[in-house]
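User: Can you walk me through the charged pairs in this one? Short answers are fine.

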Amino acid sequence: MDKLGLSSKRFTTFFVVIIISLPIAILVTSICRKPSFAIFEANKELHNENNLGKQRDNVNNTMSQVVKGNIQNGTTIEGRAVDAGSRSASSIESSTYDTTENVDDKLFDGLLASGFDEASCISKLESHRYRRKASPAHKPSPFLLSKLRNYEKIHRKCGPHSIAYNKSMVKILNSKNHGDSKCKYIVWRPANGLGNQMISMVATFLYALLTDRVLLVRFGSDMNDLFCEPFLKSTWLLPKDSPFWYENNCETYQALLERDKANNNSKEDLDLPSVLFINLQHTSNDPEKFFHCDHSQDLLKKVPLLILQSDQYFVPSLFITPSFSLKITKMFPEKDTVFYHLARYLFHPSNEAWGLISRFYDAYLAKADERIGIQVRVFSPSTTPHQAMMDLLLSCTISNKVLPQTVGVQNSSMASSSSTTTTYTRKNHTLKAVIVASLHPYYADNLRTMYLKNPTINGEVVGVYQPSHEEQQKFKDNMQNMKAWSEMYLLSLCDVLVTTSLSTFGYVAQGLGGLKPWQLFKLVSNDTYFPPCVRDFSMEPCLHVPPKHHCNGTLIHDFLSSFHHVGKCKDYPYGVVAIEKMGMSSEKVEKYLLVFFIAIPLVFITVTSMYKISNNLPPFEGFQKVLGGKYQNVTDEFLSKVVPNATNNNNNSSLGLLEGRGIIVQNMTHQNLGEGGEEKNNNTLKVLQGKTQNNYTASQGIATDAGPRDDSKNLSTNNSNSTTHIENHDDKFLDGLLASRFDELTCLSRYQSYLYRKASPHKPSPYLISKLRNYEQIHKKCGPNTRAYNRTMRKIIIPSSSKTHHNHHHYNENVAATTCKYVVWSPANGLGNRMISIASTFLYAVLTERVLLVRFGPDMHGLFCEPFQESTWILPKNSPFWSNENVETVLAKVDKARNLTLDRLSLPSVMLMNQLPESFFHCDHHQEALKKVAVLIILSDQYFVPSLFMIPSFSVDLNKMFPEKNAVFHHVGRYLFHPSNEAWGPISRFYDAYLAKADERIGLQVRVFKPSSTPHQAVLDLLLSCAIKNKILPEIDTRNPASNVKNTNHTLKAVLVASLYPEYAENLRTMYLRGPTITGEVIGVYQPSHEEKQKFNDNVHNIKALVDMYLLSLCDVLVTTSLSTFGYVAQGFGGLKPWLLYRITSNETHSPACVRDLSPEPCFHFAPQHQCKGKFKQHFSTSFPHMFECKDYYRGVKLVDGGVD
């Protein structure tokens, strides 16, 4: 205790002071009960938003839910309970909901009336499941609820088609106003876009509540089927045959004011009309309307029907109307919740709109740990560069920690000292879903690319989604309004929100969600702002055009000092917004004190624990782990005090004693690491209890950047909830296929890929493993830059008997004596062809004990890791074998000399083999001759492995290496092709962000061989016919497209589309958003890239292709296009038997649309056509076991295990 600076005497004094302070605090509480006592008077902008005084209510609510067994997992964001993944498969079991469901939640704490027909408006039944539970501060007041119930009675009595309505309309239309109408109305007319219309509707409804008028809305065709009817047993739609559909021949409010002014403001003598048109819309001159004055409201009281047109949220003007102020204050004790309550009361998405909203949320947002909404409005697209807006957005979101910073961000305000390497490892696996609402695709595309190319500093996984991008705003367009409404609602379901200043679209989202957004400054050119955004202090929309004058005509200089609860907007200095301006109430003081009282025993426990530690005692038995890193010195000191010599690696008894006391130690010092980074077993205690980070790699002491595919190893969950994963080295090294002791950081995929794959049923044979280890020794000995390599090259290049230099590849005795022989692979065609031919060439190298060297040009840089330890497989740039010029071919020298004996056959030291159908490469005579060739250059775009199985001298070895004939490429491909860190980053991040949490992953690979003559719709029809008929994808419920399926099945299927064209993914995504599936499954559709055309000799294009192929191989089900080597690589990697779409080159049709492949093996398209003696054979599939005709190409052959039906 003395070491901590607290003697026992001081500690006692400290504790006594705390105890004495309690009665003083109670006295303060009693004083604060007086209404006149107000402390900490401040603007809500500066008020503490943490709202700690509400914690007691939260605790009570939580305890009551625990008793009922209804607790849902969640996190807390900005002081509000967040229902993370509120409608995941686990949280919604069925559309037939549990009878124990909390009715208050369902009806928004009484805001909504019960008794609605649930089938007519599903969103009223389900929306509470998608929203965060409301803060206690945001619950509707009893007075508001009573006003709403009273209004509903008035609306039922006086609404359209009622007796009272019909009488009132006749009376209003045909007689002068005598002020005796029992039903009064306010008809809302639209102005501007949907956001403006919705905020003005809410303001108009509040006015109707305050004046006991019936709200009727004039909806045109562009507003059809956006909202449900908000009022029970009535409608708010103005009938189309109403004489008041237009305001023609109606007196205007401005004219009435002029008459009143001329009449010296004498109400008694003024002749009032029965219908009055009020225009509160923002105009260029905006004359003062005095709508906020009691005198004006007294005039309007006697007008039975008002037609109001506005694009403004004029609620603040109602706050400053003296006759309304008391009522509004009682209805909304929290002044910034007006829109929050009234919008959630009025605006319930129609079944059609709710289908779009709920299906998008379920497919893309539900399983995220945090949802971030970004709304980008570009007011002047012609003068505002997209990049300027993008820079503003990134500066705002990253500097305020809304979005995580990536490694390698170069902006000076955001830059980190971290390396830009893609090998950056992460320590948490929080999944953040970012939904972007914008007319333009630029922002979402750039964000998505940024988070795929670079890892985040803290390891968060970021998925970016954009529901639509219309490019330009369209007025009076129902479909665009439907999309806009869906996106506003989806933004309101987010946990954090970023909007654009002055955007009413953003106002609706923040108000519905009860969110205080970060507001981007409005750009109209290439401006810059610092800071780039500001945090709003209210959930309320801003009134852009407030009153300019007091009711006596004097100018309003400062709203905050003149009117209670009204202040300037953050995003528009001329606008006003409802805010909280109040002292700390006695209730809040009491709750702060309650928290203080709770803190006292916690302080006591903490100090006591510190005292125990200082006296060499563990503070409590729950102390679980001692961490390394920056706490290592403290840890060692503590251990040395608790158990002498505990830090000695050889003291097993001391470590055992620590384990017995509940302390678990992971010793990761260098002394405990064996050769090559392998961990020794001496005294290293594994963490067998408690909670540890997933996938901690003992050999390097780092958390790996991985995202496994099954829940038991899921890195996308919070580490706090994760369980210990005991690493299986067999899994890590693919059951011995891979050699250990590679440097992990140089090739992350080698050590992480197994986390993303399900366990392969195909195990490598012991003989294959021994052959690979033997090959590695040969490659290590004879690979580039070794003595053996240099010696061999000199013998080949400088023959001993040659006096000329141009013919240096002729056979000579020096070459025959070389111990190292080589096979050089030369590229042909696209990446898929290259990979299957490299795999074939490598297998040939293993069989002939040659060293494989590959000619990788600039287009192949950064694709693969080095496959062989302590060596390279890349042919040196200074090698004379980079060119095929003057190199003789196998066909010319061997095929024409089949009748010669080997001793009479003269061969050059370097030969080129061009894999052609007529070559006799599959013959033993051929292979015996090639043994004399030191360097064999193979140029091929084929998977010629079947021809190796045809060679009698190879067959025994091959059968022992591959007992399962359909797993040759599966093993060889996974041995050779490990994506480089540059490629692995996009693969792992895409998987983690979009595929990891799906229940099933479906890969669709679409290759169009003749784009000019093949309509996209024909290919899409073929794809859908195949996928739906074979139950790969579920069918859409066309009989009931507007509603959700009442089904207990909420399986999330992630569909990965790999294609050069975006049409297929976009059409599938739209199809599954517009209609529910018959089975109830939720479908998300993703496409990593779409290059439009295949690009040869392009490195970036090749990396994207590799990413797509690898991701396809991680799927559970695969559909590929016939004859596509791209698909062959994916199916081989994954060990999958795909469904093969028939190749179409025009508008043709096929039935069936696809066929199931026989095996995961690629097809050898151009198999040999002759026996070794030259006799023509019909098809080699009839002559060799395990070899069958390809399903996708009649001339091709492929390896298959067993017989074929």
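**Salt bridges**

Analyst: The structure holds 23 salt bridges. Keep in mind that this is a predicted model.

User: Start near the front. Which residue does Glu118 meet in a salt bridge?

Analyst: Lys106. The two side chains meet at 3.1 Å, N to O.

User: Where do Glu118 and Lys106 lie?

Analyst: Lys106 is in helix H3 (103-106). Glu118 is in the loop between helix H3 and helix H4 (122-130). The pair therefore ties together parts that are twelve residues apart in sequence.

User: How exposed is Glu118?

Analyst: Partly exposed. Its relative accessibility is 39%.

User: Next pair. What about Asp369 and Lys997?

Analyst: Their side chains also form a salt bridge, 3.7 Å from N to O. Asp369 sits in the loop between helix H13 (351-365) and strand E9 (370-376). Lys997 sits in the loop between helix H33 (981-995) and strand E25 (1000-1006). So this salt bridge links parts that are 628 residues apart in sequence.

User: Are Asp369 and Lys997 buried or exposed?

Analyst: Asp369 is buried, and Lys997 is buried too.

User: Switching topic. Which residue pairs with Glu1091?

Analyst: Lys1095. That salt bridge is 3.5 Å, N to O. Glu1091 is buried, at 17% relative accessible area. Lys1095 is partly exposed, at 31%.

User: Last one. Which residues are joined into one network by salt bridges that share partners?

Analyst: Lys758, Arg1001 and Asp1116.

Notes. Residues are numbered from 1 along each chain as its sequence is written. This is a predicted model: local features need pLDDT of at least 70, side-chain atom pairs count only at pLDDT 80 or more; totals for chains, interfaces and linings use all residues. Side-chain values use heavy atoms; hydrogens and water are left out. A salt bridge is a side-chain nitrogen of Lys or Arg within 4 Å of a carboxyl oxygen of Asp or Glu. Helices (H or I, at least four residues) and strands (E, at least two) are DSSP runs, numbered from the N terminus. Buried means under 20% relative accessible area, exposed over 50%, partly exposed in between (1.4 Å probe, protein chains only).
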